[in-house]
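Subject: Structure for your review

Dear colleague,

Please find below the structure that I am handing over to you. My notes on what was found in it follow directly after.

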Amino acid sequence: MPLSEQVRDERPPVDRAPAATEGGTLAESAVTTGRRQFISWTTLALMTTASVANLRPAPSMALYGLAAVFLYLLPAVVFLLPTALVSAELASGWTGGVYRWVSEGLSKPLGFLAVWCQFAMTIAYYPSLLAYVASTFAYIVDPSLADNGLYVALVIVVVYWSGVLISARGTKAVAGLSSIGLVIGTLLPGVVLVVLGLVFLGQGNPSAAPMDGGHVLPPWTGVASLVLIVGNFLSYAGMEMNGVHVASLREPGRQFPRAMGLATGLVLLIFILPALAVSWVMPGEDLSLTAGVMQAFQGFFDHFGVGWLTKVTGVLLVAAALGGMLTWLAGPSSGLLLVARQEGYLPPVLQKLNRNGVPRNILVAQGVLTTVIALLYAFLPDVSSAYWIFSVITTQIYLVVYLLMFAAVVRLRRLQPDRPRGFRVPAVRLVAGVGFAASLAAMCIGFVPPEQFGGQPLWRYLLIVGGGLLTIGFLAPLAFLAFRRPHWAAPDAD
């Protein structure tokens, strides 16, 4: 997440090259030898789709069968679209990402809180991502390991630290390998899963989950039945990363809404169809939240007599997940480092780079916390419960970023109404208000234990989720702000 002009550049970005976004660099797509180059709205739509959609949430939604459609559409309307529109206005008026937006709209300490939460959510995100990797890899070696907490914890620790070592080398090949992994490990398996599901139903086989009109809405079992929606907010997180590309459109006011509409449709298809395909072949009571995709593939491949393809698919899914981890491993830490150097938010020991320009000490500190969290998989009674808990903690921390972003856009419209913007959100108070209310509601619902928690005591769930949000999301940045020293700032450091 490079934020190269986070603090010092106050110029409107309308007639200049776009800065690097959280998801990558625009040098190849937007600027050529200092001359501005435009991209099409369809290109922007595909870029946004690639940065958001993946197969990992499919098992959690497959539990609800046909109701997964509703569970995806609701957060798309109240969260996905407001996020995309608001981030486009902010990115087209202020370079530098969420720190710049929140700092100018609210305050610099809140700006630091926003960029910290963007970084800190990965502390809980990597254990949940790598738990998925561990369960998927188990289908390559021994499927019975998928629900073994000690095995999952060991894989998380080994794979994460291996990723740190690779990222510390600054190898350019990592980016290429990650891109290939996303294609062969997300798009290809997703298409295969849906096609196999349609053939399965076309042969007259009954669906494991009811597909009739009476199951369009999820069954109401109290507030706990809404908890699953919270996970979908995290599934859609990342739409703000491509908002900066609005400056590369010829007609932003007309083309950006069109791009976001197409991207939203594609993201929904990639999320919904594989989830339905999983529900067709895997009964909900047998479905693992971490290994559900592999369970579905194994079911389909065994049915069609090509069970050996399960291991091949597992390799592809692992490659995609690991590629995504490598892509994001140093990104958020680099963005945090740049802000910390310019404003002195972190002590010098955490600002040091290795010879390849990688913030090694931040990655090591992050790795220690990730290791501690990973070990909880060995002690919690159920891997699926642990996976869900860490997914919720990740969502809670990330939602803080969106709450600040929605508040900032409204205040910036009032404080700086004449600042040039490539795109303006129509009815910004309404759009931002809906996004803010949805994010706040999702955060509150996240404290309600889901059915997947397995009937464990409420205090334990609240202690883990609330403690994770409070400690990682708030107490840590407040401590850095409280102990901040003027000599920590090094804005001109190489």
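**A buried arginine and its partners**

R421 is buried, with a relative accessible area of 11%, which places it under the 20% limit that defines a buried residue. Please bear in mind throughout that this is a predicted model.

Which residue does R421 pair with in a salt bridge? The partner is E89, and the closest N and O atoms of the two are 3.1 Å apart. This pair links distant parts of the chain: R421 sits in the loop between α16 and α17 (428–445), E89 belongs to helix α4, and their positions lie 332 residues apart in sequence. E89 is itself buried, at 1% relative accessibility.

E89 also meets the side chain of R413 in a salt bridge, at 2.7 Å from N to O. Here too the pair links distant parts of the chain, since R413 lies in helix α16 (residues 383–415), 324 residues away from E89 in helix α4. R413 counts as partly exposed, with a relative accessibility of 21%. E89, R413 and R421 are thus linked in a network of salt bridges. As general background, side chains of opposite charge can pair when their charged atoms come close.

The count of salt bridges comes to five. Another of them joins E104 to R100, with the closest N and O atoms 2.6 Å apart. E104 and R100 are four residues apart in helix α5 (residues 98–105), so about one helical turn separates them. In general, an α-helix has 3.6 residues a turn, so residues three or four places apart point the same way. R100 is buried, with a relative accessible area of 2%.

**Helix α4**

The helix that carries E89 deserves a separate description. Helix α4 covers residues 68–93, 26 residues in total, and spans 37 Å from its first C-alpha to its last, close to the 38 Å expected at 1.5 Å a residue. The helix nevertheless has a kink of about 50°, centred on A76. Is α4 enclosed or open to its surroundings? Of its 26 residues, 19 are buried, so α4 is largely enclosed by the rest of the structure.

One residue that packs against this part of the chain is T264, which is in contact with L80 and L81, leaving aside its neighbours within four places in sequence. T264 is located in helix α10 (residues 252–281) and counts as buried, at 9% relative accessibility.

F70 and L74 also take part in a nonpolar patch on the surface, together with V216 and L217; the four have about 320 Å² of accessible area together. V216 lies in the loop between α8 (173–202) and α9 (227–236), and is partly exposed, with a relative accessible area of 39%.

**Further local points**

The loop between α16 and α17 also holds A427. The phi angle of A427 is near 50°, a positive value in a residue other than glycine. By way of general context, most residues other than glycine have a negative phi.

Two pairs of positions may help you to find your way around the model. Q295 is in helix α11 (residues 292–303) and counts as buried, at 14% relative accessibility. The C-alpha atoms of Q295 and P143 are 9.2 Å apart, although 152 residues separate the two along the chain. R460 lies in helix α18 (residues 458–482) and is partly exposed, with a relative accessible area of 29%. The C-alpha atoms of R460 and P449 are separated by 9.8 Å, the two being eleven residues apart along the chain.

**The chain as a whole**

The secondary structure comes to 18 helices and two strands. The chain has 494 residues, and buried residues make up 55% of them. How much of the contact pattern joins residues at least 24 apart in sequence? Among contacts between residues at least 6 apart, the share is 81%. The chain exposes about 19,500 Å², of which carbon and sulfur atoms supply 68%.

In short, the buried E89 is the residue that I would invite you to look at when you open the model, together with R413 and R421, to which it is linked in the salt-bridge network.

With kind regards

Notes. Residues are numbered from 1 along each chain as its sequence is written. This is a predicted model: local features need pLDDT of at least 70, side-chain atom pairs count only at pLDDT 80 or more; totals for chains, interfaces and linings use all residues. Side-chain values use heavy atoms; hydrogens and water are left out. The expected span of a helix is 1.5 Å times one less than its number of residues. The bend at a residue is the angle between axes fitted to the seven residues ending there and the seven starting there. Buried means under 20% relative accessible area, exposed over 50%, partly exposed in between (1.4 Å probe, protein chains only). Patches are made of residues with over 30% relative accessible area and no salt bridge: like charges are joined within 9 Å, nonpolar side chains (Val, Leu, Ile, Met, Phe, Trp, Tyr) within 5 Å. Accessible areas come from the Shrake-Rupley method with a 1.4 Å probe; for residues, only the protein chains shown count as cover. Contact means heavy atoms within 4.5 Å.
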